Amino acid sequence: DSSKACVACTGGHQVMAVDVVNMRLDRELPVGQNPVAVSTSPKRNEVYVVNTGAGSGQGSISVINAENNTVAATIPVQRQPLSIDLDAAGDVAYVANSGSNTISVIDLRARRQIAAIGAGEEPVEARVSPDGKTVVVPNRRGNSVSLVDPAARAVRAFFEGCPGASDAVVLPDSSKA
């Protein structure tokens with residue numbers, strides 16, 4: 001529903017569903033510990049919330065049914081997840097797990113992690129290219145960038161020399177990040 005916005009409330013273990021048309025709080029939804037990022041499905045009426053967990057413990061993804069504003073599922077991932085991005089079909093999500101130096105591959109239909117790909121030191125984002133052939137991963141502590149091949153579920157290239165790497169964008173034609 002385009003009249004709603006979901007906002008992660010890191011200090012409150014909740015997500016606020018805000019009605020942006022009528023300018024009011026629709027409801028607060030309890031999710032996992034320390035929610036830090038949200039994303040929406042391009043084809044299902046779902047919102048995905050990244051929960052970093054407590055300290056350096058295991059994180060999770062809360063799946064919110066946007067029709068009725070309920071938490072439909074919780075998907076365990078690795079330690080300290082920070083971001084989520086979906087493939088164009090909305091069937092697979094990639095989660096950057098800062099505390100475990102991995103990228104979780106999530107089957108959104110089955111609602112489970114299907115792989116964990118080793119990345120650089122402290123990955124902070126997993127950005128899927130528009131053509132779906134590359135996942136760009138800035139590694140903050142590693143001062144590097146990993147390029148992941150989603151089909152092979154492996155790092156295809158690794159570039160050092162990017163101090164504090166933190167954010168990536170990919171051109172619409174997928175030629176450069």
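Valine 135 is buried, with a relative accessible area of just 1%. That makes a good place to start a walk through this predicted model.

**Around valine 135**

Valine 135 belongs to strand 13. Setting aside neighbours within four places in sequence, valine 135 is in contact with eight residues listed here: Tyr94, Ala126, Arg127, Val128, Ser146, Leu147, Val148 and Pro150. One of these partners, proline 150, sits 15 residues away along the chain, yet the two C-alpha atoms are separated by 6.7 Å.

**Strand 14 and its two partners**

Strand 13 covers residues 135–139 and runs antiparallel to strand 14. Strand 14 itself spans residues 144–149 and is mostly covered, with 5 of its 6 residues buried. Strand 14 also runs antiparallel to strand 15, which takes in residues 154–160. The two pairings can be set side by side:

| Strand pair | Bridges | Direction |
|---|---|---|
| Strand 13 and strand 14 | 5 bridges | antiparallel |
| Strand 14 and strand 15 | 6 bridges | antiparallel |

Serine 144 is a handy residue to find on screen. In the pairing with strand 13, serine 144 is the bridge partner of asparagine 139; towards strand 15, serine 144 stands opposite glutamate 160.

Now for the turns. The hairpin of strand 13 and strand 14 has 4 residues between the strands, and there asparagine 143 takes a positive phi near 50°. In the hairpin of strand 14 and strand 15, again with 4 residues between the strands, arginine 153 has a positive phi near 55°.

**Aspartate 85, a buried charge**

Which strand holds aspartate 85? Look in strand 8, residues 81–86. Aspartate 85 is buried yet has no salt bridge. The nearest side chain of opposite charge belongs to arginine 127, 4.1 Å away, and a salt bridge is counted within 4 Å, so this pair does not qualify. The aspartate 85 side chain does reach the backbone nitrogen of valine 128, at 2.8 Å. Beyond its neighbours within four places in sequence, aspartate 85 is in contact with Val92, Ala93, Tyr94, Ala126, Arg127 and Val128. Tyr94, Ala126, Arg127 and Val128 also appear among the contacts of valine 135.

**Serine 98, a buried loop residue**

Is serine 98 buried or exposed? Serine 98 counts as buried because its relative accessibility is 11%, and the cut-off for buried is under 20%. Serine 98 is found in the loop between strand 9 (92–97) and strand 10 (102–107). Not counting residues up to four places away in sequence, serine 98 touches Arg79, Gln80, Leu82, Glu122 and Pro123.

Methods: Residues numbered from 1 in each chain as written. Predicted model: local features only at pLDDT ≥ 70, side-chain atom pairs only at ≥ 80, totals over all residues. Heavy atoms only, no water. Buried < 20%, exposed > 50% of the residue type's maximum accessible area, 1.4 Å probe, protein only. Helix = DSSP H or I, 4+ residues; strand = E, 2+ residues; numbered from the N terminus. Pairing = 2+ DSSP bridges. Contact = heavy atoms within 4.5 Å. Lys, Arg positive; Asp, Glu negative; His and termini not counted. Polar contact = N/O pair within 3.5 Å; in protein donor to acceptor, adjacent residues only side chain to side chain.
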